[in-house]
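Reader: I should like to learn how to read a protein structure, one feature at a time. May we begin with a single residue and then proceed to whole chains?

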Amino acid sequence: CHRIGSKMLYLDIRGDLDSEIRERGTQSLSSLSTEDVSANTNGPNQDALFDDDPEDLFAEATEEVSLDSPERDILLSDGPSPAITPITPPTSVIAPRIGHTHDDMFTHSSFDEIEEEEVDDSFDINISVSDPEKVGDGMNAYMAYKVTTKTSMSLFKQREFSVKRRFSDFLGLHSKLASKYLHVGYIVPPAPEKSIVGMTKVKVGKEDQSSNEFVEKRRSALERYLMRTVKHHILLKDPDVLQFLESSELPRAVSTQALSSAGLLRMVNKAADAVNKMTIKMNESDAWFEEKQQHFESLDVQLRKLHISVESLVCHRKELSVNTAQFAKSAAMLGNSEDHTALSRALSQLAEVEEKMDQLHQDQANADFYLFSELLGDYVRLLAAVKGVFDHRIKTWQKWQDSQILLQKKREAEAKLQFTNKSDKLQQAKDEIKDMEGRVQQDERDFEQISRTIRKEVGRFEKERVKDFKTSIIKYLESLVLTQQQVIKSYFTFRYVTASV
Amino acid sequence: MMEGLDDGPDFLSEEDRAPRAVNVDLQTDATLQVDISDALSERDKVKFTVHTKSSLPNFKLNEFSVVRQHEEFIWLHDSFVENEEYAGYIIPPAPPRPDFDASREKLQKLGEGEGSMTKEEFTKMKQELEAEYLAIFKKTVAMHEVFLCRVAAHPVLRKDLNFHVFLEYNQDLSVRGKNKKEKLEDFFKNVVKSADGVLVAGVKDVDDFFEHEKTFLLEYHNRVKDASAKSDRMIRSHKNAADDINRIASSLYTLGTQDTTELCKFFLKVSELFEKTRKVESRVAADEDLKLSDLLKYYLRESQAAKDLLYRRSRSLVDYENANKALDKARSKNRDVLQAETSQQICCHKFEKISESAKQELIDFKTRRVAAFRKNLVELAELELKHAKGNLQLLQSCLGFMKTNT
């Protein structure tokens with residue numbers, strides 16, 4: 001099977017690309033400048049996505065899968081035919097060629113194969129987030145985290161390097177990536193959630209257990225976020241990501257603040273999106289998308305349910321730990337007042353065992369949380385991003401439909417003008433029609449593009465999900481094994497002592 | 001619905017039939033053996049079948065059974081307490097009232113919520129609650145039995161007439177529960193007693209043995225109370241965690257059946273694992289309840305009974321001292337001397353009798369206590385080890401399977 005060989009070539013070494021890019025720049029779809037840190041999720045249209053920036057490696061990828069590329073046919077033959085079919089009334093949709101042909105020529109596995117080869121050859125990067133440090137005082141204080149990257153990939157200047165980042169930097173990174181990639185169908189991992197309550201406690205300077213726990217929770221979440229982001233072979237090469245990981249100074253991402261104007265704009269857009277979604281009814285002709293959407297929806301429901309149960313388990317285990325500690329103290333007191341010496345000793349031993357149990361319960365509760373609960377929470381949020389991507393596809397489809405309608409209108413207008421004697425207006429109408437036809441073509445291409453991307457992304461996402469769950473759950477079970485082993489050790493000693501009463 | 005729990009003689013398994021003297025180390029005596037062979041739970045009461053085997057001549061038959069309810073046990077207990085003759089003994093504590101309210105409420109709620117959950121969930125929860133009901137039921141039977149066994153093992157109490165009537169008379173004893181007036185009287189009696197108890201406790205005892213016992217019991221009783229409460233809380237948390245694991249297992253099962261990737265096999269295996277470990281965790285909680293909580297609760301009641309004995313002794317000591325004072329006064333005034341003398345003699349005799357038997361009772365109490373704690377703690381350790389090993393094995397075999405299949 002023919003690999004997207006050229007794609008591999010481009011994304012290898014940054015240096016070589018400059019010349020290639022300049023050559024291809026004219027041919028690429030991009031022509032407009034990148035929006036920077038735009039909160040507008042309705043986003044610039046697809047065209048505005050990429051700029052001529054030589055650093056933007058993404059241009060190549062899009063180029064690669066353009067309609068004219070020969071490689072495309074072999075891999076993506078499920079897509080619609082390149083020709084624009086004549087406009088029919090808006091209610092009908094140009095159906096991509098699917099059905100039994102789909103199964104023959106386009107199978108998931110062949111795609112996965114390619115993806116895997118690509119990934120395995122060059123993916124070797126590990127990111128850790130550590131050393132949370134409070135910077136500043138009072139309400140302006142913030143936590144700075146050390147982000148360390150260890151890699152052998154030639155994409156980076158060094159093999160090991162660190163930078164200091166604060167939480168809003170992470171949010172800023174996500175915001176940039178989302179605005180660039182979400183509406184063309186890439187599943188961008190969501191950033192960890194803000195927590196005003198949690199952060200305020202830290203800012204106010206309470207050095208207690210709950211604020212320490214909060215910081216640790218956040219540190220772990222940030223680490224997982226970065227690892228998920230770089231595991232995505234497209235996102236890894238994004239200049240914003242590279243800058244985030246490498247450069248010592250990063251401009252403050254102010255627009256990530258909840259109450260900033262950008263934040264408010266985001267909220268308004270989210271609301272508008274929600275309304276739009278309710279009114280758009282897409283004639284889905286590709287069963288694959290409907291199937292996948294349903295699959296993700298039911299997965300979402302199940303994961304949420306499971307998440308709630310696991311959170312409850314964490315809570316109860318912490319309670320168990322506290323109650324066990326209290327019982328241990330009580331048993332020790334009882335042992336003290338017992339006047340039979342051997343029994344008194346046994347009761348003290350009981351108190352000791354229960355103290356150990358308390359510690360074990362606490363450790364297990366942490367494992368419950370970090371290995372199981374957080375995994376589920378992450379995936380609930382990821383599924384929201386997946387849903388967003390499917391929604392963007394619908395929006396893209398709608399745009400295409402709207403253009404078609406507009407074209408039709410213009411054609412009708414032109415037809416009317418034919419019977420009048422306004423030759424200049426007629427010419428204008430004809431010109432407009434030509435433009436409109438171009439737009440319709442472009443919109444159709446965009447729709448096909450996002451559909452293709454989503455198919456790839458879903459495949460990648462599912463693979464990641466399988467790996468993630470397997471690894472985490474195995475680690476979790478191992479934590480349970482460790483706990484049981486410790487329990488056995490403790491009760492063994494206890495039994496030995498009590499038997500001598 | 002609960003009637004079905006009484007499946008006749010098979011209801012109590014073999015292991016349950018043996019004297020369930022969990023918290024008391026009693027010598028079974030062939031001359032008088034008492035146990036509860038059967039029990040039936042009805043709407044708002046429990047009927048215990050008390051079964052007696054005896055070679056004593058005062059019973060008509062060698063083996064016989066009667067049906068008794070909780071109130072009748074209380075009547076018997078109270079008759080011991082009120083009997084002056086038994087002032088010098090630790091009266092075996094009365095069994096607590098059977099309390100199925102919480103369990104019944106849960107089952108009712110489940111019935112009401114039947115429409116809102118899947119059939120599997122409903123059956124599962126129903127099984128859980130029925131098991132809980134059964135556990136409470138078994139416990140109350142055990143506690144009533146222990147009471148009877150303690151009485152039967154006591155050299156003096158076993159000869160009590162009321163006890164024999166209780167065992168043999170196969171009609172209803174027509175013991176009504178206390179009415180409001182009587183309950184109020186009891187309340188006041190208790191208030192007076194505790195106030196009195198404080199006064200009496202202040203009196204320093206000449207006898208070292210009793211002085212030591214007094215201090216010891218006071219502190220011990222309080223600490224057992226605390227330990228019992230904390231143990232209950234700990235076990236409840238344990239049960240809650242086990243319930244969570246149950247829900248997690250169900251969710252994982254649903255995920256496993258719905259997933260389209262190779263994760264489905266994975267989820268189903270883990271779901272199966274958690275189902276099993278959950279059962280083990282529930283048993284751990286149940287065993288801790290039995291061996292630890294019940295033990296502490298029982299000795300809370302027994303130490304109270306021992307305290308009551310000390311109180312009665314102190315009371316009689318005070319009476320004795322008062323009688324002495326009265327005698328001196330009578331002698332000095334040379335009036336009613338004979339009366340005072342007899343009164344003083346009675347008090348003296350009473351006090352000495354109580355002191356003598358109390359000493360023995362307290363020594364026995366300690367022996368019983370040490371034996372019961374030892375037995376239960378060893379059994380607790382054994383059970384915890386057994387369950388932990390079981391859990392470990394389940395976890396390791398599942399992990400092994402998963403690692404080879406990845």
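Author: Let us start with A:Asp131, which is placed in strand E1 (residues 125-135) of chain A; helices (H or I, at least four residues) and strands (E, at least two) are DSSP runs, numbered from the N terminus. Please note that this is a predicted model, in which local features need pLDDT of at least 70 and side-chain atom pairs count only at pLDDT 80 or more, while totals for chains, interfaces and linings use all residues. Residues are numbered from 1 along each chain as its sequence is written, chains are lettered from A and ligands numbered from 1 in the order in which they are written, and side-chain values use heavy atoms, with hydrogens and water left out.

Reader: What is the phi of A:Asp131?

Author: Most residues other than glycine have a negative phi. In A:Asp131, phi is near 50 degrees, a positive value in a residue that is not glycine. B:Asp336 also has a positive phi, of about 50 degrees, although it is not a glycine. The place of B:Asp336 is the loop between helix H8 (263-333) and helix H9 (337-404) of chain B.

Reader: Are A:Asp131 and B:Asp336 buried, partly exposed or exposed?

Author: The general idea is a scale of relative accessible area: buried means under 20%, exposed over 50%, and partly exposed in between (1.4 Å probe, protein chains only). A:Asp131 has 43% relative accessibility and therefore counts as partly exposed. B:Asp336, at 52%, counts as exposed.

Reader: How do I read the same scale for a whole helix, such as H11 of chain A?

Author: One counts its buried residues. In helix H11 (residues 239-246) of chain A, 6 of the 8 residues are buried, so this helix is largely enclosed by the rest of the structure. The buried ones are A:Asp240, A:Val241, A:Leu242, A:Phe244, A:Leu245 and A:Glu246. At the start of H11(A), a side-chain oxygen of A:Asp238 comes to within 2.7 Å of the backbone nitrogen of A:Asp240.

Reader: What should I look for around B:Ser79 in helix H2 of chain B?

Author: Look for polar contacts: pairs of N or O atoms within 3.5 Å, where, within protein, one must be able to donate a hydrogen and the other to accept it, and residues adjacent in sequence count only if both atoms are side-chain atoms. B:Ser79 lies in helix H2 (residues 70-82) and is buried, with a relative accessible area of 15%. A polar atom of its side chain lies 2.6 Å from the backbone oxygen of B:Leu76. The side chains of B:Ser79 and B:Asn162 are joined by a polar contact of 3.4 Å.

Reader: How many disulfides are there over all chains?

Author: A disulfide is a pair of cysteine sulfur atoms within 2.5 Å. By this rule the count is 0 over all chains. Consider B:Cys348: the closest cysteine sulfur, in B:Cys347, is 8.7 Å from its own sulfur, too far for a bond. B:Cys348 is buried at 15% relative accessibility, whereas A:Cys315 is partly exposed at 44%.

Reader: How are the two chains described as wholes?

Author: Chain A has 15 helices and 3 strands, and 51% of its 501 residues count as buried. Chain B has 9 helices and 3 strands, and buried residues make up 47% of its 406 residues. From the N terminus on, the elements of chain B run α-β-β-β-α-α-α-α-α-α-α-α.

Reader: How many residues of chain A are in contact with chain B?

Author: Contact means heavy atoms within 4.5 Å. There are 55 such residues in chain A, and they are in contact with 64 residues of chain B. Buried area is the accessible area (1.4 Å probe) that two parts lose on being put together, summed over both. Here it is about 5400 Å², of which carbon and sulfur atoms give 71%.

Reader: How many salt bridges does the rule find across this interface?

Author: A salt bridge is a side-chain nitrogen of Lys or Arg within 4 Å of a carboxyl oxygen of Asp or Glu. The rule finds 7 across the interface of chain A and chain B. The side chains of B:Arg369 and A:Glu338 meet in a salt bridge, at 2.7 Å from N to O. On the side of chain A that touches chain B, helix H13 (287-337), helix H14 (341-418) and helix H15 (423-498) each supply at least two residues. H13(A) gives the most, with 23 residues.
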